[in-house]
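Here's a friendly walk through this model, one piece at a time. Have the picture open as you read.

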Amino acid sequence: MSSKSPRRSIGDLSEGTLGLLMLLPAILLLCLIVVYPVGRLMYISLFDWRMSLPNAVPAFVGLEHYIYALTDDPKFWDAVYNTVLITIITVPGALVVGLGLALVANLPFKHRWPTRLALLLPWALPLVFAGLIFRWFFNYDYGLVNDILQRLGFGKVLWGTDPNLAFFTICLVIIWKSSSFMAMILLAGLQTIPRNLYEAAKVDGATSWQCFWKITLPMLIPSMVVALVFRTITAIQTFDIPYAMTGGGPGGTTETLAMYIHKTTIDFLDFGYGSALAMLMFLVSLGATTIYLRIIQGDKE
Amino acid sequence: MGSVSIRKVVKSYGAVPVIHGVDLEIREGEFVVFVGPSGCGKSTLLRMIAGLETITGGEIAIDGKVVNDLPPRARDIAMVFQDYALYPHLSVRENMGFGLKLRGTPAPEIEARVGDAARILKIDHLLDRKPRQLSGGQRQRVAMGRAIVRKPKVFLFDEPLSNLDALLRSEVRTEIKKLHQHLKSTIIFVTHDQVEAMTLADRIVVLKGGHIDQVGPPDTIYNAPATQFVAGFTGSPPMNFLPAELTDTHIRFENGQSLAIPDQRRPRGLPSGSRVVFGIRPEHVSRADGAAQLDMPVTLLEPLGSDTLAFLSVGEREIVGRFVPELAPRPGETARISIDMRKYHLFDQDHGRAVGSLDG
């Protein structure tokens, strides 16, 4: 074998070594764009580094920022509360709306592309634009929603001033925006369900409603988990839509964790504390992902 | 319980007709096999009985009740699909009990009926598995079990054996036949395999191009085919065909060779000089001493063990004979071959119908 030819070729390497070699470019890339920034973030979070102070020099403070955030910062907990509330309202909301859209898009229309295009458009729209569009929709003086309400004989509503209404409109827009993403993943899942399962169920005595509950929904669970994982992670990081619609107001009642981090770091230039907050959000996302992955793996066994 | 009437049934997809007015009466407890090549409409017809395809024209009745507009669940039928269509997220037990559960059958009765069916099919040790943990043959049994527990009026089988390997196929075929003798229910079975049709059926329905070519018990289909198509579809290898001309006493082939017609088998209603297709099955081509003999060059032998097939030339044409291995001719020689003229068939050259009243 190799003893006869002095030159070693790449084929002589063991499968493990060769595999590692081939993965190296990907590993390096991941280190560059994931490991280094997260590591740097964690490092900065251990320092008091406020660019707003003249001649600021980073000073090591250990876990002080974390302790402060978790025990002594009501604004942090308000932001966490808002973020969690947005997540638990908009993620299931988008799942239900998205499922409905996917079912409609999966109907045997002669021309499917109009429904599918309509499905894609909200997803293709940049988040900030969506926020701005709906900010105008819900504007007190010249918004479309108040105009319709008035034409129907109701009074104008202060959408942006009432904390509950402001929160409600934000959730509505997030659901509208994210349900198209849900619908696309669920539509792909729907199309993998074999048609003859429905035929077998119909012969077995199922109504269309029973087909949906007994065949469609259980067969769609893997796609739903995938959609939920992605959607939950982005929901935890909600920023653009409330930023564009309310800027966190009125009085911080719609400020999310990502907005609080942005304000701390970019507006107040408190890099150390902002980094600590970002680390906390990273850990929450990591936790949510781990839970979902556990569910998927548990389902496979 | 379980008769099916198909009256002038037509099916079109848009402007394309695929079933052209089929009439068929299936008696209660009968095992009927729809057989024919791909695209003959056999599966479409079955799916119309099931209610999975709409009926364009005519009517289908189950037990005298017209079911044209009834959904599948109201027809009291069960179906076994070609690729089984088991519910992948349910266990074998849940798969089999699915239909009963939908109908609100009490849990203890579901359990008992699933248990009975599982015992009959010898799958009682698999009840807690998921379909993906089963082999092809086991899935096939579960699909049958799912049909059996329902105790429907009619069982519909849509090519249920075509995904099994050859050995398993003949095994399951035997079991389906036993099952029918045990359950005594009406079965409509679709296949493209003439061996399945011959071995299983009480009556075979041969379909071609969306209409019925012949309906009859297997021995009638085999021994008295109504058309050249039916004759060529049954038997392995199928019937040999040679274009020929009829004289008063002989059948003369294109190369001038001829065979004497015995008096008792003279074709009726055909004038001398009629152009026909002469048909003879391979097993009626032999080396026995008979009245009708031809000298034929042997081009090829195919030994099968129990028999040997010999390919014999008749002018430009070729026929196959089935011989006892010891008596098979040798390739290259010109052998004197006997044709059993008690068993020949004649078909019209234009439309392929059997002519000359030669039944049996």
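## A small sheet in chain B

Let's begin with two neighbours: strand 4 (residues 57-62) and strand 5 of chain B run antiparallel and are joined by 2 bridges. One of the pairings puts Ile62(B) together with Lys65(B), its bridge partner in strand 5. The two strands make a hairpin with 2 residues between them. In that turn, Asp63(B) has a positive phi of about 55 degrees.

Ile62(B) also has a partner in another strand: Val4(B) stands opposite it. That fits the wider pairing, since strand 1 (residues 4-13) of chain B lines up antiparallel with strand 4 over 5 bridges. Put together, this is an open sheet of 4 strands in chain B, ordered 2-1-4-5 and with antiparallel pairing. Its edges are strand 2 (16-26) and strand 5 (65-66), each of which pairs on one side only. As a general point, strands of a sheet pair through backbone hydrogen bonds, either parallel or antiparallel.

## How far to trust it

Keep in mind that this is a predicted model. For chain B, the mean pLDDT is 90, and 99% of the residues reach 70 or more. The model as a whole scores ipTM 0.84 and pTM 0.80.

## Chain B as a whole

Stepping back, chain B has 360 residues, and 40% of them count as buried. Its secondary structure adds up to 8 helices and 20 strands. The C-alpha trace covers about 75 × 45 × 35 Å along its principal axes.

What about contacts along the chain? Counting those in chain B between residues at least 6 apart in sequence, 67% join residues at least 24 apart.

## One helix, checked by length

Helix 5 (residues 166-183) of chain B lends itself to a quick check. At 1.5 Å a residue, its 18 residues should span 26 Å, and because its end C-alpha atoms are 26 Å apart, the two figures agree. Just after this helix comes Lys184(B), with a positive phi of about 55 degrees.

## The nonpolar cores

The largest nonpolar core has 102 residues. Which of them touch the most other members? They are Val33(B), Phe34(B), Ile49(B), Met79(B), Leu156(B), Ile188(B) and Phe278(B).

Take Ile188(B) as an example. Setting aside neighbours within four places in sequence, Ile188(B) is in contact with Val4(B), Ile26(B), Val32(B), Phe34(B), Leu46(B), Ile49(B), Val154(B) and Leu156(B). Apart from this core lies another one, of 47 residues, including Ala94(A), Leu99(A), Ile261(A) and Leu277(A).

## Where the two chains meet

How many residues of each chain are in contact with the other? Chain A brings 14 and chain B brings 17. On the chain A side, helix 8 (195-204) and helix 9 (208-236) each supply at least two residues. Helix 8 of chain A gives the most to that side, with 7 residues.

By character, the chain A residues that touch chain B split into 8 nonpolar, 3 polar and 3 charged.

How values were computed. Residues are numbered from 1 along each chain as its sequence is written. Chains are lettered from A and ligands numbered from 1 in the order in which they are written. This is a predicted model: local features need pLDDT of at least 70, side-chain atom pairs count only at pLDDT 80 or more; totals for chains, interfaces and linings use all residues. A nonpolar core is a set of buried Ala, Val, Leu, Ile, Met, Phe, Trp, Tyr and Cys residues joined through C-beta atoms within 7 Å. A residue is buried if 20 or more other C-beta atoms lie within 10 Å of its own, exposed if 12 or fewer, and partly exposed in between; C-beta atoms are placed from the backbone. Two residues are in contact if their C-beta atoms, placed from the backbone, lie within 7 Å. Ala, Val, Leu, Ile, Met, Phe, Trp, Tyr, Cys and Pro count as nonpolar, Asp, Glu, Lys and Arg as charged, and the others, Gly among them, as polar. Two strands pair if DSSP finds at least two bridges between them. The expected span of a helix is 1.5 Å times one less than its number of residues. pLDDT is the predictor's confidence in each residue, from 0 to 100.
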